[in-house]
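Welcome! Have your viewer ready and work through the short exercises below, trying each task before you read its solution.

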Amino acid sequence: MSEKRTKISRIRWTDDEIATARANCPQRQLAPWLRALALEGAFPNPRLPRSDPALLRQLAAIGNNLNQIARRVNWRSELSDADRTRILLSLHNISTELSALRVTSSHHDG
């Protein structure tokens, strides 16, 4: 359990300074961000919104479709090696981007 915070410190800001601080703050509340910055020299991770489960299901479905397309491309004898390579590279790039989206979305869960 963490120690209860009992001390208060005040900061005087100009209008421009407080506007800049709020604009730079990656979360809703300024105090936790400033505390982490002062104590750890690092920005805390902001609390991100939950991912839409329907979006995650759609990403998974798209990934499955990409895998099916890749399997079929590998077995098509009428494609040249160059065509097959270009198609598989494109599928790989799409799959990589979808994986990044899925990871980003799953990290947003709170």
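Here are three exercises, each with a worked solution.

A note before starting: this is a predicted model, in which local features need pLDDT of at least 70, side-chain atom pairs count only at pLDDT 80 or more, and totals for chains, interfaces and linings use all residues. Residues are numbered from 1 along each chain as its sequence is written, and side-chain values use heavy atoms, with hydrogens and water left out.

**Exercise 1. Describe the overall fold and its burial.**

Step 1. Assign the secondary structure: the protein has four helices and zero strands, where helices (H or I, at least four residues) and strands (E, at least two) are DSSP runs numbered from the N terminus.

Step 2. Read along the sequence to get the pattern α-α-α-α.

Step 3. Check burial: of the 110 residues in the protein, 15% are buried. Buried means under 20% relative accessible area, exposed over 50%, and partly exposed in between (1.4 Å probe, protein chains only).

**Exercise 2. Find the salt bridges and describe the setting of each partner.**

Step 1. Search for a side-chain nitrogen of Lys or Arg within 4 Å of a carboxyl oxygen of Asp or Glu. The structure holds two such salt bridges.

Step 2. Take the pair Asp-81 and Arg-84, whose side chains meet at 3.1 Å, N to O. These two residues sit three apart in helix 4 (residues 81-107), so about one helical turn separates them. Asp-81 is exposed at 59% relative accessible area, whereas Arg-84 counts as buried at 15%.

Step 3. Turn to Arg-86 and Asp-83, which form a salt bridge at 2.5 Å, N to O. Both lie in helix 4, three residues apart, about one turn of the helix. Arg-86 is exposed, with 52% relative accessible area, while Asp-83 is partly exposed at 29%.

**Exercise 3. Characterise the largest pocket.**

Step 1. Set up a 1 Å grid over the protein atoms alone; a pocket is an open set of points where a 1.4 Å probe fits, with protein on both sides within 12 Å along at least five of seven lines.

Step 2. Obtain the volume, which is the space filled by probe spheres set on the points: about 370 Å³ for the largest pocket.

Step 3. Collect the lining residues (an atom within 4 Å of a point); among them are Arg-5, Lys-7, Ile-8, Leu-34 and Arg-35.

Step 4. Sort the lining by type: six nonpolar, two polar and four charged residues. Here Ala, Val, Leu, Ile, Met, Phe, Trp, Tyr, Cys and Pro count as nonpolar, Asp, Glu, Lys and Arg as charged, and the others, Gly among them, as polar.
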